[in-house]
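Colleague: I would like to learn how to read pockets and ligand sites in a model. Can you take me through one?

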Amino acid sequence: MGEGSIRSEAIPRHIAVIMDGNGRWAEERGLARTDGHHAGVDTVRKIVRAARDLGVSWLTLFAFSSENWNRPKLEVDELMKLPEEFFESELPDAIENGIRIRMIGNRDRLPSHVLSTLDEAIEATRGNSSMRLTFALSYGGRGEIVAAVHRLLQDYDLGKLDPDSLDEDRFAEYLDHPELPDVDLLIRTGGERRVSNFLLWQLAYAEILVTDIMWPDFDREDLEAAILDYQSRERRYGKISAQVRGEGGSAS
Ligand code: IPE
Ligand code: IPE
Ligand code: MG
């Protein structure tokens, strides 16, 4: 990890987090996996506040993947209680602190009590702009891309899309949430080194940080350490280091 203190002018604009390790955290303590999920909600509270204090503009949290529907029903049912648990205490804080709540993912599969909780939070914070807090629920990156292709083909059928005009920016307009910016920093807790079908399109050039810390143990200091590590990296986007440092990098 990097050393020194965080440079406030270089805070990653969009941090995305794969909040993993709740189950193992609980099992290590002889608790039920679902106890780990409830402990994980406390971490969400802490990290949202910390990110807001640090001046992060976009924070996107992977709370439930499209693949997580394959878990035992009892666990899924318990996970579906968490949005209510979170917003009951945090919605007033979000309203007060200018946080705008958003959601990405497949609404069709989510129970109505989850949707109404989220919709209430989205509506109540619509005018806010200090930090955009997006929950990915029933979300899968491939699903998002295929849905975009469906919309694109409809426009093509209607004569609204000239195939020659299709480039990356034009394609991105068809995503569920074209306003979601590219991810600058992806944090995965729980030690697994994979993307697990999270924001496939938006992660194209993200800096990735995997930590062995389980999500319920992740805290403000760990977030700060992740940002410090991010700030120590050179984002080259395919170029060579001298070009990025503004030294021209002529082929010599
Ligand atoms: C992350 O923790 C929460 C969700 C995926 C919903 P896990 O439940 O995956 O925890 P582990 O990976 O089994 O420890
Ligand atoms: C990824 O964690 C999804 C979320 C954190 C919501 P998983 O625990 O589901 O990922 P895999 O199955 O280990 O890849
Ligand atoms: Mg997991």
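## Reading the pockets and ligands

Modeller: Start with the space that ligand 2 takes: this is the largest pocket. Ligand 1 sits in the largest pocket as well. Keep in mind that the model is predicted.

Colleague: What volume does the largest pocket have, and which residues lie nearest its centre?

Modeller: The volume is about 670 Å³. The lining has 33 residues. Nearest the centre are Met 19, Phe 62, Ala 63, Phe 64 and Asn 68.

Colleague: Which elements supply the lining of the largest pocket?

Modeller: Look for elements that supply at least two residues each. Helices H1, H2 (33-54) and H4 (82-96) do so, and so do strands S2 (58-65) and S4 (131-139). H2 gives the most to this lining, with five residues.

Colleague: How does the lining of the largest pocket divide by class?

Modeller: It has 16 nonpolar, nine polar and eight charged residues.

Colleague: Now the ligands. Which residues are around ligand 1?

Modeller: Read the shell along the chain. One run is Met 19, Asp 20, Gly 21, Asn 22, Gly 23 and Arg 24. The others are Arg 33, His 37, Ala 63, Asn 68, Arg 71 and Leu 79.

Colleague: Which polar atoms of the protein pair with oxygen atoms of ligand 1?

Modeller: Check whether the backbone or the side chain makes each contact. Gly 23 brings a polar backbone atom, 2.9 Å from an oxygen atom of ligand 1. Arg 33 uses a polar side-chain atom, also at 2.9 Å from an oxygen atom of this ligand. For Arg 71, a polar side-chain atom lies 2.7 Å from an oxygen atom of ligand 1.

Colleague: How much of ligand 1 does the protein cover?

Modeller: On its own, ligand 1 has 380 Å² of accessible area, and the protein covers 87% of that.

Colleague: Which elements give two or more residues to the shell around ligand 1?

Modeller: They are helix H1 (22-28) and helix H2 (33-54). H1 gives the most, with three residues. By class, this shell has three nonpolar, five polar and four charged residues.

Colleague: On to ligand 2. Which residues are around it?

Modeller: Ligand 2 has Ile 18, Met 19 and Asp 20 around it, then Phe 62, Ala 63 and Phe 64. Asn 68, Arg 71, Arg 188, Arg 194 and Ser 196 complete the shell. Compare the two lists. Met 19, for one, is around ligand 1 and around ligand 2. Arg 71 is another residue found in the shell of ligand 1 and in that of ligand 2.

Colleague: Which side chains place a polar atom by an oxygen atom of ligand 2?

Modeller: Take the distances one by one. Ser 196 has a polar side-chain atom 2.6 Å from an oxygen atom of ligand 2. For Asp 20 the distance is 3.1 Å. For Arg 188 it is 3.3 Å. As for cover, ligand 2 taken alone exposes 390 Å², and the protein buries 79% of that.

Colleague: Which element gives the most to the shell around ligand 2?

Modeller: S2 does, with three residues. The classes in this shell are five nonpolar, two polar and four charged.

Colleague: What is the volume of the second largest pocket?

Modeller: About 280 Å³. It is lined by 14 residues, and the closest to its centre are Glu 168, Asp 169, Ala 172, Asp 182 and Trp 201. Its lining has eight nonpolar, two polar and four charged residues.

Colleague: And cavities? How many are there of 30 Å³ or more?

Modeller: A pocket is open, whereas a probe in a cavity cannot get out. The count here is one cavity of 30 Å³ or more. The largest cavity has a volume of about 50 Å³.

Colleague: Which residues line the largest cavity?

Modeller: Among them are Val 48, Phe 86, Phe 87, Ile 99, Ile 101 and Leu 133. The elements that give two or more residues to this lining are H4 and strand S3 (99-104). H4 provides the largest share, six residues. By class, the lining has eight nonpolar, no polar and two charged residues. Glu 90 and Asp 93 are also in the lining.

Definitions and conventions:
Residues numbered from 1 in each chain as written. Chains lettered and ligands numbered in written order. Predicted model: local features only at pLDDT ≥ 70, side-chain atom pairs only at ≥ 80, totals over all residues. Heavy atoms only, no water. Near = heavy atom within 4 Å. Polar contact = N/O pair within 3.5 Å; in protein donor to acceptor, adjacent residues only side chain to side chain. Areas by Shrake-Rupley, 256 points an atom, 1.4 Å probe, with all protein chains shown as cover. 1 Å grid on protein atoms, 1.4 Å probe; cavity = no way out; pocket = protein on both sides within 12 Å on 5 of 7 lines; lining within 4 Å. Sits in = over half its atoms within 2 Å of the grid points. Helix = DSSP H or I, 4+ residues; strand = E, 2+ residues; numbered from the N terminus. Nonpolar A, V, L, I, M, F, W, Y, C, P; charged D, E, K, R; others polar. Points joined across faces, edges and corners; volume = space filled by probe spheres on them.
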